[in-house]
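These are my notebook entries on one protein chain. I set down what I looked up, one topic at a time.

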Amino acid sequence: MIRIDARWALTETGWRPDARVHIGEDGRIASIEAAPAQADPRVELHGAARRTAPEPADATADLVVPGLPDAHCHAFQYGMAGLAERAGGHGDSFWTWRERMYTSLASLDAAGLERTATALYRRLRSAGYTSVAEFHYLHRLGGEPGRRASLATALESSQALARAAAAAGITLLLLPVLYRWGGFGRAELGPRQARFALARDDYRRLIEALLLQAADPALRGTLRLGVAPHSLRACDPEDLRWLLELREALLPDCPVHIHVSEQPAEVRDARAALGQTPIAWLCANAPVDHRWTLVHATHATPGELRELRTRGATVCLCTTTEANLGDGFFPVEDWFAAGGRMSVGSDSNVGTDAAEELRWLEYQARLRRQARAVLVDPDCPHPGTALWRRAVAGGRLSLGSDRPGLAPGAPGELLMLSSEPGLPPDDALDDFVFARRVTRVAGTVTPAGLRLESA
Ligand SMILES: [Zn+2]
C-alpha cells in the first residue's frame, strides 16, 4: 500500500483539496479520502482525548494529478534524437529522415536497445509520463541488412523493451507491429526494412509467448499487450483482416494502433492503391471503434474526423515529432471543440517531456487562430488542466484502460508536483505546462512503486 497526501488532487470529478490517495497492492487506486489531520502534540502531552496517530504518508505533494500516458513511442529512435538535424542539401523531409533512421539501426544490438530504452523510459517517467505504448517493429537487431526477423529475434527485442520498462518502473503497453510490405500494392520490402518483417505464423507465436509473460501476477499489470498494423502501406487489406481475426482469437478488445495520414504522399498513394484515403478506407473496411488509436491523422479531412469522432476512436498527436519531421498541422482546435478523443506520444523521442507535448498543441492552435487560451473546456478555462484531463482520458483509452483519471479502481499512475503555497491548482498546472516558474515534478507513482525526484 502506498499513501500519498496532496494539497490538491485532480480526481475524475475535479480538484479535491487535502486528499489522501491510497494505491493498493494490485497497483490500482484503492481509495481517495480526506488526508488525516496531523496529530496535535499538545493533546498527546496532556493525555486528554488520546487518539491513534494517523498513518504517515509515504510522500506528500502540493498537487497530485494522473500521470500522462505516452501513447506512441519508438524507443530505439531515442538513440538518434538530435543527431539528424543537418541539411542534406536536397529537400530534407520525413522521407530523408527515415533513411537516416534506417542507417542508425545497422549497429544496434539487443543490449544497445535495452540501454537506450531504459534511459528513455527513465527520462519519460521523470518528465511526467507514467505509462508508455511502444509501437514496436524492430523485430531483428544487428547483423546484415536484408535478413528477415524470426520468432527468436522478435522475442529478443521485445524482451529487451520489457526489461527496460521494468527497470524504469513504467507501465508498458507493448504493441508488436505487423509490417509486411515496403509500400502500397505489396511493394517488396527494401533490404533495410527486412528486419521489421515477421511471417504471420511467427507473429502469432510472438503474441502467444508475450501473453504468457504478461499474465505473471508479479507484474501487477505493468506489461500489457495490443496489436498494431504498422500502416496501410506496410499491411495490405488481407494482412489487416488476418491480424484482426488473430486479435479476436487471442486478445479480444485489446488496443489497436496504426499510423495513418502522416504524410501527403501516403494519402496520395493510398488513393491510387485502395481508391480511398487511409482513414476513409479503414472506416469502410475495419471495425474502428473506441479501442482504436490512429496515430498522427495529420492530413485527415473534416469528414474523416467526424466519422472518427462518431466511432469514438482516439487520435494520437505527437506534436514535437510531427514538428521535427515537418509533417503538417492536425486541426486540433476543431477536434478539441468537437470533443474528439486525443492522446499524445513522444514518438521519435526528440521531445520527451509530457507537458511540452501539451504546450505545443496549444501554441500551434494560438499561432493559427491568432488568439490565446484556445484548447479549453466550457467548465475549465485553463488550457493546462483542460489539456491534461483530455490527454489522460484519451491516453488511458489508447493504453487499454477505460478509467479517465484518478478514482478508486483506476490505474495507480500518479504525478506529484511541487508548487507555490497558496497558488490555485489550475494556475499551478498551467505553470507546469507553460512556464515551470514554480511548479515542478516532485515524484511519480506507478504500480511498480514510488519514485521521488531530487529537487
Ligand atoms: Zn510512429
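**Entry 1: G303**

I looked up the exposure of G303 in this predicted model. G303 has a relative accessible area of 35%, so I recorded this residue as partly exposed. The category applies because 35% falls between the limits of 20% for buried and 50% for exposed. I found G303 in helix 9. I then compared G303 with A59: the two residues lie 244 positions apart in sequence, and their C-alpha atoms are 48 Å apart in space.

**Entry 2: H296 and A297**

Which backbone angle did I note for H296? Its phi is positive, about 85 degrees, although H296 is not a glycine. H296 belongs to strand 11, which covers residues 292-296. With a relative accessible area of 1%, H296 is buried.

I turned next to A297. A297 is not a glycine, yet its phi is positive as well, at about 50 degrees. I placed A297 in the loop between strand 11 and helix 9 (302-311). Its relative accessibility is 0%, so A297 counts as buried.

**Entry 3: V332**

Is V332 buried or exposed? V332 is buried, because its relative accessible area is 1% and the category requires a value under 20%. This residue is part of helix 11 (residues 332-337). I listed its contacts, leaving aside neighbours within four places in sequence: V332 meets L317, L361, A365, R368 and L375. I also checked V332 against L246, which is 86 residues away along the chain; 33 Å separate their C-alpha atoms.

**Entry 4: the nonpolar cores**

As background, I noted that nonpolar side chains in soluble globular proteins tend to be buried together. I therefore looked up the cores of this model, beginning with the largest nonpolar core, which has 122 residues. The members that touch the most other members are Y121, L282, L294, L308, M342, L358 and W388. Helix 4 (residues 151-168) supplies the largest share of this core, namely 8 residues. The core takes at least three residues from each of domain 1 and domain 2.

I examined L308 in detail. Not counting residues up to four places away in sequence, L308 touches I279, C283, V288, L294, A313, V315 and W335. I recorded a second, separate core of 17 residues, with A6, A19, I29 and L406 among them.

**Entry 5: helix 12 and helix 14**

At what angle do helix 12 and helix 14 pack? I read an angle of about 90 degrees between helix 12 (residues 354-369) and helix 14 (residues 425-434), with the axes 8 Å apart. Helix 12 is therefore roughly perpendicular to helix 14, because 90 degrees lies in the range of 65 to 115.

I wrote down the residues on both sides. A355, L358, R359, E362, Y363 and R366 of helix 12 meet F432, V433 and F434 of helix 14. Sorted by character, the residues of this contact comprise 6 nonpolar, no polar and 3 charged.

**Entry 6: the two domains**

How is the chain divided? I noted domain 1 as 2-64 + 407-452 and domain 2 as 69-398. Their centres, taken over C-alpha atoms, are separated by 32 Å. Across the boundary, 27 residues of domain 1 are in contact with 27 residues of domain 2.

Terms used
Residues are numbered from 1 along each chain as its sequence is written. This is a predicted model: local features need pLDDT of at least 70, side-chain atom pairs count only at pLDDT 80 or more; totals for chains, interfaces and linings use all residues. Side-chain values use heavy atoms; hydrogens and water are left out. A nonpolar core is a set of buried Ala, Val, Leu, Ile, Met, Phe, Trp, Tyr and Cys residues joined through side-chain atoms within 4.5 Å. Buried means under 20% relative accessible area, exposed over 50%, partly exposed in between (1.4 Å probe, protein chains only). Helices (H or I, at least four residues) and strands (E, at least two) are DSSP runs, numbered from the N terminus. Domain bounds come from an automatic or database domain assignment. Contact means heavy atoms within 4.5 Å. Axes are lines fitted to C-alpha atoms, for helices over the stretch in contact, and angles run from 0 to 180 degrees between N-to-C directions. Angles under 35 degrees count as roughly parallel, over 145 as roughly antiparallel, 65 to 115 as roughly perpendicular and the rest as oblique. Ala, Val, Leu, Ile, Met, Phe, Trp, Tyr, Cys and Pro count as nonpolar, Asp, Glu, Lys and Arg as charged, and the others, Gly among them, as polar.
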